[in-house]
Amino acid sequence: MSRVISWIPTAAGSDFDLDNLPLGIFSPPAEAPRPGIAIGDYVADLSSLFEAELIDEATLDGARVLNGFLARGRAHWSALRTRLQYLFGEASTLQERVLVESSLVPRAEATMHLPFEVGDYVDFYSSIEHASNVGRLFRPANPLGDNYRYVPLGYHGRTSTIVLDGTLISRPSGQRKARDAAAPSFGPTAALDFELELGFVAGPGNAHGAPIPIEAVRNHVYGCVILNDWSARDIQAWESVPLGPLLGKSFATSISPWVVSLEALEPFRVENRIPDPPPLAHLQTDERWAYDIDLEVLLESQAMRAHRFPPMPLARPNFRGMYWHVAQQLAHLTSNGSRVRPGDLFGSGTISGSEPEMLGCLLERTRGGTDAFELPGGERRTYLENGDTVIMRARASAGERRIGFGELRGTIVG
Ligand code: MN
């Protein structure tokens with residue numbers, strides 16, 4: 001298949017090539033936030049392209065969040081993408097290229113902001129391997145429970161503490177109870193963990209009382225970001241029975257700055273995992289909702305930085321093997337008539353696979369904090385220490401095609 005090549009330097013062959021075009025909110029040096037598109041090592045300023053009359057998507061002109069554009073729906077998302085692929089591609093005119101060129105800001109000089117305002121945030125539990133591993137630690141007799149294979153499980157998270165890549169994560173305090181202690185105590189968590197996830201971003205949404213059928217979900221999800229669902233395992237363990245996580249999760253959730261659209265991910269769709277037993281009718285679809293996305297999580301301690309050791313890879317799972325997909329999750333979430341609004345965020349839940357090098361959180365890797373592992377330089381870890389930086393990356397590939405999500409970093413401070 002012949003492919004259009006971008007005339008913008010550094011785009012061709014990069015994670016942010018013409019067939020990616022992720023959206024974000026950025027500020028050029030000393031200027032106000034505005035929407036941009038990552039292309040190679042640059043950000044194209046969409047407000048400036050609007051002013052130059054190269055694009056006509058008014059919801060992006062000077063907007064400080066993407067919600068207005070997310071509300072517009074798939075036809076508008078697709079029209080903008082087609083137009084930008086033309087402008088950044090070989091068929092554009094010299095005059096257009098001059099205008100595009102003047103809209104480009106080096107990504108290294110751009111300050112990124114939260115790309116959309118999150119109204120509601122749900123974290124799901126897509127990976128049956130993760131659910132089984134965690135279940136074995138806490139409920140060895142019936143790790144998955146009777147409902148896992150029927151209901152896409154999740155819990156409502158806290159939107160006010162969703163933060164961007166690079167935000168320092170303060171070690172939270174809370175109630176935790178040691179196994180042999182008679183009573184809980186209050187203090188800093190001793191079991192701070194990450195969860196490697198993808199977060200899906202809602203488009204137009206539905207009216208109260210009007211569920212989104214599974215066949216319509218593609219019109220209601222714009223795209224996705226990398227998500228780190230920071231977790232305090234000791235606080236979580238003490239508070240979670242019987243209602244589920246609350247303060248053990250709500251202190252911070254980090255997302256990556258560039259939203260990769262489902263349209264960009266089209267070439268990387270693969271066959272869904274076959275559920276056993278078949279799900280109930282409203283959760284069944286023949287449409288492919290699995291994506292071949294490689295993810296990676298790495299750890300870098302303060303001592304490793306001082307000694308210039310490279311970050312240590314902790315896990316490399318793939319997203320294609322998830323038991324539940326976002327179409328089932330969104331159909332399920334609205335099946336009672338509940339509303340979804342533009343910018344709502346749906347975390348996949350920890351992405352783990354069946355092998356030891358595919359475990360997307362430390363709880364699984366260290367079996368509940370009992371099996372320590374060694375970092376380059378000899379330090380040992382069960383959970384995160386102050387000064388540790390967690391780095392997450394994601395990339396979809398098929399043959400020579402690939403697109404990247406960029407990076408998501410967070411450093412723990414005391
Ligand atoms: Mn999670």
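A pocket is an open set of grid points with protein on both sides within 12 Å along at least five of seven lines. In this predicted model, the largest pocket has a volume of about 1,400 Å³. Its lining comprises 44 residues, and Val134, Phe138, Arg139, Gln236 and Ser240 are the closest to its centre. Four elements each supply at least two lining residues: E6, H5, strand E7 (154–156) and helix H6 (233–239). By class, the lining of the largest pocket holds 22 nonpolar, twelve polar and ten charged residues.

The second largest pocket has a volume of about 300 Å³. Its lining consists of 14 residues. Nearest the centre of this pocket lie Asn133, Leu359, Glu364, Arg365 and Arg367. Two elements, H5 and H11, give two or more residues to this lining. H5 provides the largest share, five residues. The lining of the second largest pocket divides into four nonpolar, three polar and seven charged residues.

Helix H5 covers residues 128–138. Its buried residues are Ile128, Glu129, His130, Ala131, Ser132, Val134 and Gly135. These buried residues pack against helix H11 (362–365). H5 thus appears in the linings of the largest pocket and of the second largest pocket.

A manganese ion is also present in the model. Asp123 and Asp229 coordinate the ion through OD atoms, while Glu195 and Glu197 do so through OE atoms. The distances run from 2.1 to 2.2 Å. Along the sequence, the donor residues follow the spacing D-x71-E-x1-E-x31-D. The pair Asp123 and Asp229 links distant parts of the chain, 106 residues apart. Asp123 sits in strand E6 (residues 121–124). Asp229 lies in the loop between strand E14 (221–228) and strand E15 (231–232). Both Asp123 and Asp229 are buried.

The largest nonpolar core contains 71 residues. Within this core, Leu265 and Ile293 touch the most other members. Helix H10 (residues 326–334) contributes the largest share, five residues. Leu265 has contacts beyond its neighbours within four places in sequence. These partners are Cys224, Val260, Tyr291, Ile293, Ala396, Ile403 and Phe405. A second, separate core has 37 residues. Among them are Leu84, Tyr121, Ile162 and Ile255.

The structure also holds one cavity of 30 Å³ or more. About 80 Å³ of space lies in the largest cavity. The residues that line the largest cavity are Asn272, Arg273, Trp289, Ala290, Phe319, Arg320, Met322, Tyr323, Trp324 and His325. Six of these residues are nonpolar, two are polar and two are charged.

Asn67 belongs to helix H2 (residues 67–70). Asn67 counts as buried because its relative accessibility is 15%, and the cut-off for buried is under 20%. Leaving aside neighbours within four places in sequence, Asn67 is in contact with Phe116, Glu117, Pro342 and Gly343.

Methods
Residues are numbered from 1 along each chain as its sequence is written. This is a predicted model: local features need pLDDT of at least 70, side-chain atom pairs count only at pLDDT 80 or more; totals for chains, interfaces and linings use all residues. Side-chain values use heavy atoms; hydrogens and water are left out. A nonpolar core is a set of buried Ala, Val, Leu, Ile, Met, Phe, Trp, Tyr and Cys residues joined through side-chain atoms within 4.5 Å. Buried means under 20% relative accessible area, exposed over 50%, partly exposed in between (1.4 Å probe, protein chains only). Contact means heavy atoms within 4.5 Å. Donors are N, O and S atoms within 2.8 Å of the metal (3.2 Å for Na, K and Ca); water is not among the atoms, so sites may look incomplete. On a 1 Å grid over the protein atoms alone, a cavity is a set of points where a 1.4 Å probe fits but cannot get out, and a pocket is an open set with protein on both sides within 12 Å along at least five of seven lines; lining residues have an atom within 4 Å of a point. Grid points are joined across faces, edges and corners, and a volume is the space filled by probe spheres set on the points. Ala, Val, Leu, Ile, Met, Phe, Trp, Tyr, Cys and Pro count as nonpolar, Asp, Glu, Lys and Arg as charged, and the others, Gly among them, as polar.
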